[in-house]
Amino acid sequence: MKVKKFQAVTMADVMKKVKSELGTEAVVLNTKTVKARGLFRRFKKDLIEVIAAVDPPAPVQRKVKSSKSTKALSSNESAPLSNEAIMNELRQLRSMMESKNDHSPGTGKFSAWYEHLIAQELDPDLARSIVQSIDQKKWPDNTGQKEGMERLLTAQIKKHLNPYPFGHKHLSNTFVHLVGPTGVGKTTTAAKLAADAVLNQKLNVAFITTDTYRIAAIDQLKTYAKILNVPLEVAYNLEDYEQAIEKYKDFDLVLVDTAGRNYLQTSYIEELNQLLKFDDTSETFLVLSLTSKYPDMNSIYEKFQDIPISKIIFTKEDETSTYGSAINLLVRHKLGVAYLTNGQNVPDDIEEASPEIMARKVTEGYPHA
Ligand SMILES: Nc1nc2c(ncn2[C@@H]2O[C@H](COP(=O)(O)OP(=O)(O)OP(=O)(O)O)[C@@H](O)[C@H]2O)c(=O)[nH]1
Ligand SMILES: [Mg+2]
């Protein structure tokens, strides 16, 4: 690549010079204003300086002293830069571009990692900070191997999630509310959790459903209650709900299934807030599908500001291969995840979440060797 510095009083003039020297294929790498030099500089105007480059063979059309004005301007032209000066200019330009609107963290293997995170729909700023944190640390040189790269990336993502509460081994709080948008899998997840509590943890479990919105919803939970041999109360109003709480207060675990609503409408959140009891005997999981788009997940979560959401349950992991939206949400709102569900089968398709599992979802399938 041929790189050269040009100066003139106006941008139009300097571009004329660039075109004349390097041809129409030339690209501008940098522009700045420089003070005029020499005697009488106080009377001279500042100059526009442009660094331009062209790939060889450059279609150079040297104009040889064609006019007086050209001659005058060429006297301001400096000699070609030394290699070191050019490299410095290029380095400055690159760091300037990286720190502005270009999110690319560089080239080579790091840029490939970054692209993978972007393909996973991770927020570009978060993706960049993850990749650059690996760069800065100068990790051992086994990063050329796919496994090594995956491991490093997983560790960095995990680091972002570690501060938040994950998993839910001991269902210690009596009342566990499952809230969330329509059709994300609240009832199915309630059944999976109940099955695990009854069959594996030998807990005394009951169901309450406040979902009287759809007839089929009650039948759906009744079926699970019957199979698992656990009692179920249907709460049609606040009074019913208070009675159900009283009835089951000595149970080890009461799973409270709620109606799926369009929670972008605040009135539904107010309804929920009036019905459910939020105290230290209860915790509330917001159930979200991993197939949702990040802006939608984010809007829903933000609508839940008045309800104490203790953790997220992400469902339908089996229906997507991009997990960046989930990571964006967790990092942005400092949230942990209790469970991930990965299929329709009750009770099997559920696993306890951890930062490692979440991070690995993002890095699995990293295509670069
Ligand atoms: N693929 C897949 N499907 C799931 C998962 N969890 C639930 N489903 C399915 O999603 C559909 C809706 O599940 P429900 O449990 O009824 O969802 P809900 O949130 O209770 O729905 P509403 O009460 O109507 O808001 C059903 O067909 C479930 O079998 C999952 O992890 N993966
Ligand atoms: Mg339901």
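# A first tour of the chain

Thr-187, Ala-191, Ala-194, Ala-195 and Val-198 of helix 7 make contact with Ala-217, Gln-220, Leu-221, Tyr-224 and Leu-228 of helix 8. Sorted by class, the residues of this contact are eight nonpolar, two polar and no charged. Please keep in mind as you look around that this is a predicted model.

## The pair of helices 7 and 8

How do these two helices lie against each other? Helix 8 covers residues 215-228, and its axis is 10 Å from that of helix 7, at an angle of about 15 degrees. Angles under 35 degrees count as roughly parallel, and helix 7 and helix 8 are therefore roughly parallel to each other. The crossing of helix 7 past helix 8 is right-handed.

## The whole chain

Stepping back, the secondary structure of the chain consists of 13 helices and eleven strands. The chain has 369 residues, and 34% of them are buried. Of the contacts between residues at least 6 apart in sequence, 75% link residues that are at least 24 apart.

## Around ligand 1

Which part of the chain gives the most to the shell around ligand 1? That part is helix 7, residues 186-200, with three residues in the shell. There are 20 residues around the ligand, and those that come nearest are Gly-185, Thr-187, Thr-188, Gly-260 and Thr-341. Thr-187 is thus listed twice in this tour: among the residues nearest to ligand 1, and among those of helix 7 that meet helix 8. By class, the shell holds eleven polar, six charged and three nonpolar residues.

## Helix 12 and its surroundings

Is helix 12 mostly enclosed or mostly open? This helix runs over residues 324-333, and seven of its ten residues are buried, so helix 12 is largely enclosed by the rest of the structure. The buried ones are Gly-324, Ser-325, Ala-326, Ile-327, Asn-328, Leu-329 and Leu-330.

Leu-330 is worth a visit of its own. This residue of helix 12 has 23 C-beta neighbours inside 10 Å, and because 20 or more count as buried, Leu-330 falls into that class. Leaving aside residues up to four places away in sequence, Leu-330 touches Leu-161, Tyr-164, Leu-335 and Val-337. Lys-311 is 19 residues from Leu-330 in sequence, and their C-alpha atoms are 9.6 Å apart.

Helix 12 also has a helical partner. Helix 11, residues 294-303, and helix 12 cross at roughly 35 degrees, and their axes come within 9 Å. This crossing, too, is right-handed. On the side of helix 11 the contact is made by Tyr-294, Met-297, Asn-298 and Tyr-301, and on the side of helix 12 by Ser-325, Asn-328, Leu-329 and His-333. Four of these contact residues are nonpolar, four are polar and none is charged.

## Backbone details

Some places in the backbone deserve a second look. Most residues other than glycine have a negative phi, and most peptide bonds are trans. The table gathers three lysines with a positive phi.

| Residue | Phi | Place |
|---|---|---|
| Lys-202 | about 50 degrees | loop between helix 7 and strand 5 (205-209) |
| Lys-316 | near 60 degrees | loop between strand 9 (309-315) and helix 12 |
| Lys-334 | near 55 degrees | follows helix 12 |

Is Lys-202 buried or exposed? Lys-202 has 9 C-beta neighbours inside 10 Å; because 12 or fewer count as exposed, that is its class. What about Lys-316, buried or exposed? With 20 C-beta neighbours inside 10 Å, Lys-316 counts as buried.

The peptide bond between Val-346 and Pro-347 is cis, with omega about 5 degrees. Pro-347 sits in the loop that runs between strand 10 (337-341) and strand 11 (350-352). Strand 10 also includes a residue met earlier, as Thr-341 is among those nearest to ligand 1.

## A last stop at helix 1

Met-11 belongs to helix 1, which covers residues 11-22. Its 11 C-beta neighbours inside 10 Å make Met-11 count as exposed. Thr-31 is 20 residues from Met-11 along the chain, and the C-alpha atoms of the two are separated by 9.4 Å.

Terms used
Residues numbered from 1 in each chain as written. Chains lettered and ligands numbered in written order. Predicted model: local features only at pLDDT ≥ 70, side-chain atom pairs only at ≥ 80, totals over all residues. Near = placed C-beta within 6 Å. Helix = DSSP H or I, 4+ residues; strand = E, 2+ residues; numbered from the N terminus. Nonpolar A, V, L, I, M, F, W, Y, C, P; charged D, E, K, R; others polar. Axes fitted to C-alpha atoms, helices over the stretch in contact; angles between N-to-C directions. Parallel < 35°, antiparallel > 145°, perpendicular 65-115°, else oblique. Left-handed = near helix turned anticlockwise from the far one by under 90°. Contact = placed C-beta atoms within 7 Å.
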